Amino acid sequence: MKSIEGATTTYFAYVGGNVVYTRSGSTITDYVYAAGLLILRKSGTAVRYSHADHLGNVRLVTYYTNQVKTEFKARYKPFGEIVVLTDNSAVKFKYAGEWLDGTGLYYLRARYYDPAVGRFVSQDPVLGALSVPQTHNRYAYVVNNPLKYTDPSGEFIFLFFLAAVLIGATLNTGIYAATCGETCSAAGYVGAFLGGAAAGAIGYLTAGVGLGAAMLGGAAANMAAYGIEGALAGSFSTEGLLLARALGAGFGALGARFARGASRAASAGDDLADDILRTRTRLQGIVDDVNGDLGSGRLRLTAAQRRAGPQAAHYGQRLHAEVAERVSHDPFLRSRLTYNIKGVDFRYNMAKNVRFEVTTPGQISSHTNRFITQGISGYVWFITYTR
Amino acid sequence: MASIDGKELLECLGEGETPEALGLRRTPEGLVDLRGLRLGKARPRAKFRVLGATFDYVPGKPIFEKLSLSHVDLSGAQIEQSLWVACTLHHVRFEHVRGAGVNFASSGMESVSFARADLRRANWGEDRLDGPLVADTEFIDCDLRGSMYAHPLFRNCRWVNCNLEDVNFGGARFEDCTFVGLLNDVMFHGRYRDPDPRIADLRNSMRNVDFSRALLKDVSFDDSIDLMTCIFPQDGYLRIPRPKAAYDRAIRRVRDTWFGKAKDRALFYLEETAKFVPEDQPLDVVRPMDFVEGSFGRDLGEDVARKLIRILEDASRE
């Protein structure tokens, strides 16, 4: 596979969904993975190490020459908009560990994804299920739940559908093999497989209409498959047709149940992820307020801090306290957030390496503000999400 | 008491069930015996890191709403991180309670007793709310470090030998209250910011607040606070009438006659203090030894600290 950007042609070799080799001109790069995540990139003798979060977003790329150095550093918004802190054009794998094209789109095999709008640029090749309304937006990325899911194939919801189809097909074929006796035939196997698959698919896709519709559709599909198979193999019987009807109805019901289960799981994940997003947004608002107070000189220092002088350490302590206080007073956040004193990282309270060009107190404050502003924006987006 | 029943038991009692129906006994003092009650702990589902601090996302923390508890002994109970919304607590004892991070939000209290309680990062009040009223309540030997206050009204309450280090009383209002023991790096405000301007304009009257048996170390009184009816210790404190004008005079004096690092430090202190002391604040009270004993005196020497004290004394007399 190759891509052409301007005068540069890049050739790719894949193993499964992972790029393991690229050649661009005379530059050959090998990629090494562990547990599905890219861990290093090697071009000639140069080795670069990738560090990803739980969703595979590449946040840091490092290398070693006498000491550990940073080649690339970035943060990501939930739908993949990137905030690059240290850039390097050689780093291509970014959001969800995917290849970022020169077009600004991510290549996700079946489709391209645009992080700026959080949507695919083309429709999902698979129709959505009635029971999972989010899937009817065929441009949506991971049913709008990027904190929980990634979509390495560009066909995320297809996996649920595929499972329902395969269950029906496999079971129907198995039952056919166990019951056909002397009448077994290739056409019979094909018919059983297709009938079961169709029953599962119809059950899955019509689950939103109702269980009856799913069973009826499944029965009709399997009976039709049995009828075709019987006509081809000359082994049609009323008992066989009735069995096909019963099995088809069962697979239809199974498909519907599978779709509802998937829907419930996705909804539960959606609710939690949505709540986390709302919480984060609210927390960000508070941090912005506190930061605004600091910037405009409205942040009160304690008397001891005023006497101790204008050091970043004291602003850091006050910012902690202010954010914690406002979270405690906020009816939305207070029921969700707990200030974890054990988790406090005191780097900001010991910022001895920060140099100020001290001439007047006013200037001292402005330098302090900038430093702390960067500290906040750098960390507020860091979320560890556990299931 | 089994931990699994703690929350449900408290809810049943608070919603009107009789203690007898719940199989609860009474202490020798006649209080409903809920000593040692334990509330289940919810599991954090995510973490947010802000400026190096961590906030756990705990969607299932224990929440109590509109409970009415009267004559209950919750001594030794574990109520950490629990949230109490619009509850009323009357004659409730919280001795040796483990209540780090407890949030009493809009819950009113009357004749409640906290003794030797862990109340670090505990909270009273909420945004956009006038209140709640906390009356006739005492805090004895409690750890209140990092406790937070929106706009509760404390009336006839006592803080005795509590650890109040670095406490910002925020929008808390005090009437006929008493503080005994050390108050270290504590902030009191006359009014306090709030998203609702009507709430932000609520005044802390500080009527008859008694600090006479307290040691006020690095305590600040800002934002138009009225200390005229407060009682301070007889000695060791500098009273600064019309503090805005006094600080402005001190700033001019330092700016004109000081130089170098001492000038920067002194100006920073004076300007940061003056910034939150408006014209209408009638009085500020400062403990001069804070300059000598604290980092100011340590870094710049006792002579410089005493020089700044003299400037403040002169400015307060002019």
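**Exercise 1. Determine what share of chain A and of chain B counts as buried, and how many helices and strands each chain has.**

Step 1. In chain A, 37% of the 387 residues count as buried; a residue is buried if 20 or more other C-beta atoms lie within 10 Å of its own, exposed if 12 or fewer, and partly exposed in between, with C-beta atoms placed from the backbone. In chain B, buried residues make up 46% of the 318 residues.

Step 2. The coordinates are a predicted model, in which local features need pLDDT of at least 70 and side-chain atom pairs count only at pLDDT 80 or more, whereas totals for chains, interfaces and linings use all residues. Residues are numbered from 1 along each chain as its sequence is written, and chains are lettered from A and ligands numbered from 1 in the order in which they are written.

Step 3. Chain A has 7 helices and 15 strands; chain B has 7 helices and 22 strands. Helices (H or I, at least four residues) and strands (E, at least two) are DSSP runs numbered from the N terminus.

**Exercise 2. Classify the packing of α2(A) against α3(A), and of α3(B) against α7(B).**

Step 1. Axes are lines fitted to C-alpha atoms, for helices over the stretch in contact, and angles run from 0 to 180 degrees between N-to-C directions. Helix α2 (residues 186–205) and helix α3 (residues 211–233) of chain A pack at about 165°, with their axes 8 Å apart. That makes α2(A) roughly antiparallel to α3(A); angles under 35 degrees count as roughly parallel, over 145 as roughly antiparallel, 65 to 115 as roughly perpendicular and the rest as oblique.

Step 2. By class, this contact of α2(A) with α3(A) has 12 nonpolar, 8 polar and 1 charged residues. Here Ala, Val, Leu, Ile, Met, Phe, Trp, Tyr, Cys and Pro count as nonpolar, Asp, Glu, Lys and Arg as charged, and the others, Gly among them, as polar.

Step 3. In chain B, helix α3 (residues 243–257) and helix α7 (residues 302–317) pack at an angle of about 135°, their axes being 8 Å apart. That makes α3(B) oblique to α7(B). Residues making the contact include Ala246(B) and Arg249(B) of α3(B) and Ile311(B) and Leu312(B) of α7(B); two residues are in contact if their C-beta atoms, placed from the backbone, lie within 7 Å. The classes are 6 nonpolar, 1 polar and 2 charged residues.

**Exercise 3. Describe the side of chain B that touches chain A.**

Step 1. Count the partners: 53 residues of chain B are in contact with 54 residues of chain A.

Step 2. Identify the main contributor: α4(B) supplies the largest share of this side of chain B, 9 residues.

Step 3. Sort by class: this side of chain B holds 22 nonpolar, 13 polar and 18 charged residues.

**Exercise 4. Locate the residues that touch the most other members of the largest nonpolar core.**

Step 1. A nonpolar core is a set of buried Ala, Val, Leu, Ile, Met, Phe, Trp, Tyr and Cys residues joined through C-beta atoms within 7 Å. The largest has 85 residues, of which Val323(A), Val327(A), Leu74(B), Phe114(B), Leu144(B) and Val186(B) touch the most other members. Helix α4 (residues 238–295) of chain A gives the most to this core, with 6 residues.

Step 2. Leaving aside neighbours within four places in sequence, Val323(A) is in contact with Ile286(A), Val287(A), Val290(A), Val50(B) and Ala53(B).

Step 3. Apart from this core lies another, of 34 residues, among them Ala199(A) and Ile202(A).
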